[in-house]
Number of protein chains: 2
Amino acid sequence: MPSEFDLIRRHFTRPARHTELAVGDDAALFTPRPGMQLATSTDMLVAGTHFFADAEPEALGWKALAVNISDLAAMGAEPRWALLALALPAADEAWIEAFARGLFACAAQFGVDLAGGDTTRGPLNLCVTITGEVPAGSAVTRAGARPGDDIWITGEPGRGALGLAFLRGETALDAAAVTPCIDALHRPQPRVAAGLALRGVAHAMLDVSDGLVGDLTHILEASGTGAVLDLAALPLGALLAAGADVEFALRCVLGGGDDYELLFTAAAAQREHFGALARRLDLPFTRIGTITDHAGSLLLRHPDGSERPPECRSYDHFI
Amino acid sequence: MPSEFDLIRRHFTRPARHTELAVGDDAALFTPRPGMQLATSTDMLVAGTHFFADAEPEALGWKALAVNISDLAAMGAEPRWALLALALPAADEAWIEAFARGLFACAAQFGVDLAGGDTTRGPLNLCVTITGEVPAGSAVTRAGARPGDDIWITGEPGRGALGLAFLRGETALDAAAVTPCIDALHRPQPRVAAGLALRGVAHAMLDVSDGLVGDLTHILEASGTGAVLDLAALPLGALLAAGADVEFALRCVLGGGDDYELLFTAAAAQREHFGALARRLDLPFTRIGTITDHAGSLLLRHPDGSERPPECRSYDHFI
């Protein structure tokens with residue numbers, strides 16, 4: 001069996017583009033560009049909690065990095081350097097090779113260096129830390145939403161949750177929708193280009209990982225505002241076309257995790273900007289509600305015009 | 001049961017000193033000082049591999065951060081920002097409170113901000129990522145050892161391994177040595193002040209986590225050199241006083257992990273410098289060998305004058 005050091009060298013050492021010293025020393029060394037603020041985030045994915053233990057390793061490699069990149073996209077930051085800590089039950093070289101292939105495919109697409117890491121024996125656990133750059137003072141946090149702001153969402157949220165429900169046997173799917181929904185779950189596309197384009201435009205932003213209701217609540221708490229979410233405006237088209245009924249589609253969008261679309265608020269005066277941006281990025285932008293001054297109040301406007309608090313809860317790992 | 005978000009807020013939110021935006025958004029934001037290169041490293045500690053599952057959580061909190069800080073010390077970098085990813089089998093608030101107490105004690109001692117993190121449910125796993133600063137170009141890597149360099153070690157290596165052997169019932173210890181050896185194992189002191197003082201002096205450096213033989217081998221491989229390690233020069237005093245015989249003490253120093261002392265090489269002309277440095281830092285510096293030009297050759301000089309390759313192997317998680 002090859003040693004830990006051999007495995008790391010063979011599978012996790014690739015040329016680095018923004019890193020002076022990458023994998024192999026006590027620490028990696030890199031130099032941020034002048035005038036840049038750094039944004040950094042870590043995410044831990046655990047077998048049995050975030051994915052099935054027999055999940056396809058190439059998809060896991062992609063996703064472990066993609067969900068981290070998405071956190072930087074949600075700040076308007078450009079991802080640059082990743083660290084990977086990996087606990088494996090055994091040194092299964094075929095697994096490691098496929099995992100590394102997925103990870104580096106994502107790294108290459110988004111211009112990220114794997115700057116370093118750690119491997120160890122243990123129950124399967126993937127922890128990626130990402131660091132990136134944003135011009136000083138221009139990061140978009142969760143705290144900037146203002147009463148009167150429009151609420152926007154990118155893409156077609158809910159497909160990941162629908163894919164998960166399909167894999168669990170909880171729902172049928174139209175044959176043509178199986179691959180897109182499972183891809184949305186297993187190979188999420190972090191919205192980096194959108195995040196960068198939203199600097200100076202979005203007032204508050206995050207990426208949707210726990211469902212619209214739970215994540216919008218984070219913005220409301222951080223901003224001290226409320227919101228009305230217009231159910232009739234939610235982009236359910238892809239979910240309905242996949243065979244979900246309206247109620248299930250709403251559950252997927254409002255409470256389903258693993259979407260990694262950007263949820264943001266912006267001044268109503270910016271509305272026309274998003275049409276052009278959507279065309280340029282080939283990515284839908286949907287206006288789904290309004291920020292209010294009722295701090296902490298989240299209401300869903302139903303098609304009959306009534307406004308009521310949501311019934312579903314966000315996914316909370318400890319509930 | 002409190003939710004994940006409540007637990008994070010209650011136990012992992014403390015005032016930050018070098019971080020513009022810490023725990024609670026998609027990413028943390030910080031601004032490096034001008035002229036600084038960044039050093040970053042991640043370490044994953046897994047129950048059953050690196051510590052006993054019932055280990056005292058306060059000590060675990062200390063150690064999870066300390067071993068990362070040690071990686072930066074070994075580069076001559078100043079630790080500044082840490083991220084913590086934590087998988088827990090259950091939301092045991094007493095455990096989390098004690099763990100956070102140990103983590104923040106270490107953070108306070110070394111001036112580190114907890115800038116962000118992630119908590120999730122899963123088999124107990126602690127992954128800390130540390131980022132720090134070093135004046136551009138002055139980091140000390142593993143690759144700079146030159147033939148003729150002296151080899152030095154800080155402190156009293158082997159005490160962690162001796163403490164572990166005691167806890168496993170493999171050896172007896174003098175009563176007075178129990179606490180220092182177990183403290184060396186559970187609350188290692190990263191050698192940050194020594195690492196900073198060795199910038200511009202040490203040619204190659206790392207922190208000893210896998211035993212002297214294994215870690216010195218990393219320096220030799222990175223530098224393309226060899227070494228002769230003088231067994232009679234090794235600082236065994238603390239281990240012998242603790243009750244270990246010479247052979248067991250040598251095994252602890254040469255092959256035992258978890259020491260976090262600094263192993264470095266420096267020009268022979270610098271010898272007198274280290275006496276003064278040892279006094280200033282109140283930390284022993286011991287000269288234990290010489291770098292040679294026989295690439296890849298590590299020899300142990302025995303007290304009878306013979307020179308032979310080591311018999312023990314480093315600790316390798318996958319062997």
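I will go through a strand of chain A and its partners, then a helix, then the contact between the two chains, and finally a single loop residue. Please keep in mind throughout that this is a predicted model.

Let me begin with strand S3 of chain A, residues 78–88, which is mostly covered, since ten of its eleven residues are buried. On one side of the pairing we have strand S5 of chain A, residues 125–135, which runs antiparallel to S3(A) and is joined to it over nine bridges; within that pairing, Ala82(A) has Ile130(A) as its bridge partner. S3(A) also pairs with strand S4 of chain A, residues 113–121, this time in the parallel sense and over eight bridges, and there Leu84(A) stands opposite Gly117(A). The connection is worth following on the screen, as S3(A), helix H3 of chain A, residues 93–110, and S4(A) together make a right-handed β-α-β unit.

Turning now to helix H9 of chain A, residues 246–255, its buried residues are Phe248(A), Ala249(A), Leu250(A), Cys252(A), Val253(A) and Leu254(A). What do these buried residues of H9(A) pack against? Their partners in chain A are three helices, H4 (159–167), H7 (212–223) and H8 (237–241), together with two strands, S8 (226–230) and S11 (298–301).

Next, the contact between the chains, to which chain A and chain B each bring 65 residues. About 5100 Å² is buried between chain B and chain A, with 61% of that area on carbon and sulfur atoms. As for the polar part, 19 residue pairs are in polar contact between the two chains, counting those with both residues at pLDDT 80 or more, and the count of salt bridges is four. One of these joins Arg142(A) to Asp26(B), with the closest N and O atoms 3.0 Å apart. On the side of chain B that touches chain A, strand S2 of chain B, residues 36–46, gives the most, with ten residues.

Finally, let me turn to Ala139(A), which lies in the loop between S5 and strand S6 (150–154) of chain A. Is this residue, Ala139(A), buried or exposed? Ala139(A) counts as buried because its relative accessibility is 18%, and the cut-off for buried is under 20%. Leaving aside neighbours within four places in sequence, Ala139(A) is in contact with Met75(A) and Val134(A) and, across in the other chain, with Leu29(B). Thr13(A), by contrast, is 126 residues from Ala139(A) along the chain, and the C-alpha atoms of these two residues are separated by 31 Å.

Conventions
Residues are numbered from 1 along each chain as its sequence is written. Chains are lettered from A and ligands numbered from 1 in the order in which they are written. This is a predicted model: local features need pLDDT of at least 70, side-chain atom pairs count only at pLDDT 80 or more; totals for chains, interfaces and linings use all residues. Side-chain values use heavy atoms; hydrogens and water are left out. Buried means under 20% relative accessible area, exposed over 50%, partly exposed in between (1.4 Å probe, protein chains only). Helices (H or I, at least four residues) and strands (E, at least two) are DSSP runs, numbered from the N terminus. Two strands pair if DSSP finds at least two bridges between them. A crossover is right-handed if, with the strands pointing away from the viewer, the path from the first strand over the helix to the second runs clockwise. Contact means heavy atoms within 4.5 Å. Buried area is the accessible area (1.4 Å probe) that two parts lose on being put together, summed over both. A salt bridge is a side-chain nitrogen of Lys or Arg within 4 Å of a carboxyl oxygen of Asp or Glu. A polar contact is a pair of N or O atoms within 3.5 Å; within protein, one must be able to donate a hydrogen and the other to accept it, and residues adjacent in sequence count only if both atoms are side-chain atoms.
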